[in-house]
Amino acid sequence: MHPPIEDYALIGDEQTVALIGTDGSVDWLCLPRFDSGACFARLLGDEDNGHWRIAPVGADRCTRRAYRPDTLVLDTEWETDEGAVRVTDLMPQRDKAPDIVRIIEGVRGTVTVRSTLRLRFDYGSIVPWIRRADGHRVAVAGPDSVWLRSEPEVRTWGEDHSTHSEFTVSEGESVAFVLTWHPSHEPRPALLDPHESLAVSVTDWQAWASRCRYDGPHRDAVVRSLITLKALTYSPTGGIVAAATTSLPEEPGGVRNWDYRYCWLRDSTLTLGALLSAGYLEEAESWRNWLLRAVAGDPADLQIMYGVAGERRLPETELPWLSGYADSQPVRIGNAAVNQLQLDVYGEVMDSLALARSSGLQSQAHMWALQVALMDFLVTAWRQPDEGLWEVRGGRRQFVHSKVMAWVAADRAVRTLEDDPGLGGDLDAWREMRDEVHREVCERGYDPERNTFTQFYGSRELDASLLLIPRVGFLPPDDPRVIGTVDAVRAELEHNGFLHRYSAEESPVDGLPGGEGTFLVCSFWLADALHLTGRTKEARELFERLVGLCNDVGLLAEEYDATAGRQLGNFPQAFSHIGLVNTALALFGPDDAG
């Protein structure tokens, strides 16, 4: 049995992350990058697929756990009959090699603690060769090498292709483990001082968190969300992955299991807005620069997602040796949706770059030329059907959200050129496109009988992305069609107080069996739309319920099963935390506006 998704906490070094359960087990870790092969894959299989558990002998779940305030340093405590211990977990900012530091401290009495390290490279499929060297246990398999040491040294032995340690800690005593990865053809990296790295990590994270400009209700949740976004950032490039994991299911036992360890363009504007509004200009500029590098090239080849360094090829493969979380198969790595056409991403890119320019981020010399090239392509391409925001696998449609975002692209291009005519561009063609798209969406994407926009032209289905229509400026919030759409989406897609993104079990475009949970970012969009349409009290009540879904350490997955009361989908999910930050800023920011 797998623990609930919300049982996990996150540590990371801004190049990869580890997930640690309430039982003290590291069940997911990809090295050296977010999208590398996992050396701990119990999350998607069983114990033999790799994990590292540290806990008192005979103990199960911890008694309590929490991040140190405004950090990504996790403290987990156990109360036992013999006493109490605390395990502190962190991944220090790396110099060259990634490290996991686990420090066990005696809090009260004398407690016997056991460490069980089961390394399995390449997503739990390869058992490494383990030897002793220079006071370390060294595991090697192909390109991967991991070194484990403890300070002070404790009794350690090998058994069942695992490395075990057992020791006692009394009040005031501590034992520190350091696990370090490096390419197997290179020499061992310099030794890390675990206690110094702890002190530096706490100081650095708290200094970073102190830059947050938000000072409204639920500030702790907002800061935790921003720290999570920072943890999901690949610092060498500025790319932000959608989630830390692959194949956590949208429906337990189902097939909706996808790899989210890549960077999606659909997230770009909302991410940039959250970072800028919260005061993180350096991170916003890094994300903008990643975006410019990733989309460079022929505009016709623009992808919906890229690797953390801008890689384009992300082939989708299934891993049959992994049973899947809660027997949800297949387990996938890579993402075939990379080959889809999603016209909304052109609007996301244009909107992001317009926001960056208006916010005072230093412009890049080639930025406007790239935007002109995107618009030259989109002027004719916007009429095509596409797979849409949600990457459906049931065929292309004329999705209303995609058309609205094509309008956004033209609108931002027109506004930019009107503000700075010296930039140059086909202003007349862009204005004509903007007007034509607007007219077509209002004629073909709107159902006058029900007073609502629809998921795609001619359909009766609804889609939560329609809630973004007033946010992007396509229509004003007080337009009767906007109010009608908000009400219709709420009536048809709401379930136990939260929102589905669309009706997955009834939609002809989905192309997949089974259902899914309520989609958390869509529920944040509903709160935003309620606020914009003058129903701020309802918006704040919904926001309170959404914040209440965070787990005990403030993390959110992609979805929520409102019937079973559990989180679903990849975890933690950047889109959900971006929604939390932006909605808090909209509801409680200095001007109560987004």
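The following exchange concerns salt bridges in a predicted model.

User: Why is the contact of E283 with R211 called a salt bridge?

Analyst: The N to O separation between their side chains is 3.0 Å. The cut-off is 4 Å between a side-chain nitrogen of Lys or Arg and a carboxyl oxygen of Asp or Glu, so the pair qualifies. By this rule the model holds 49 salt bridges.

User: What makes E283 and R211 a link between separate parts of the chain?

Analyst: E283 belongs to helix α5 (residues 281-295), while R211 sits in the loop between α2 (194-209) and α3 (219-231); the pair therefore ties together parts 72 residues apart in sequence.

User: Why is E283 classed as buried or exposed?

Analyst: Its relative accessibility is 12%. Buried means under 20%, so E283 is buried. R211, at 32%, falls between the 20% and 50% limits and is therefore partly exposed.

User: How do you know that R332 and E316 form a salt bridge?

Analyst: Their closest N and O atoms are 3.3 Å apart, and this lies within 4 Å, so the criterion is met. R332 is in strand β21 (residues 332-333), and E316 is in the loop between β19 (305-306) and β20 (317-318).

User: What separates R415 from D411 in helix α8?

Analyst: The two residues are 4 apart in helix α8 (residues 400-419), which means a separation of about one helical turn. Their closest N and O atoms are 2.8 Å apart, so they too form a salt bridge under the 4 Å limit. D411, at 2% relative accessibility, counts as buried, whereas R415, at 46%, is partly exposed.

Technical notes: Residues numbered from 1 in each chain as written. Predicted model: local features only at pLDDT ≥ 70, side-chain atom pairs only at ≥ 80, totals over all residues. Heavy atoms only, no water. Buried < 20%, exposed > 50% of the residue type's maximum accessible area, 1.4 Å probe, protein only.
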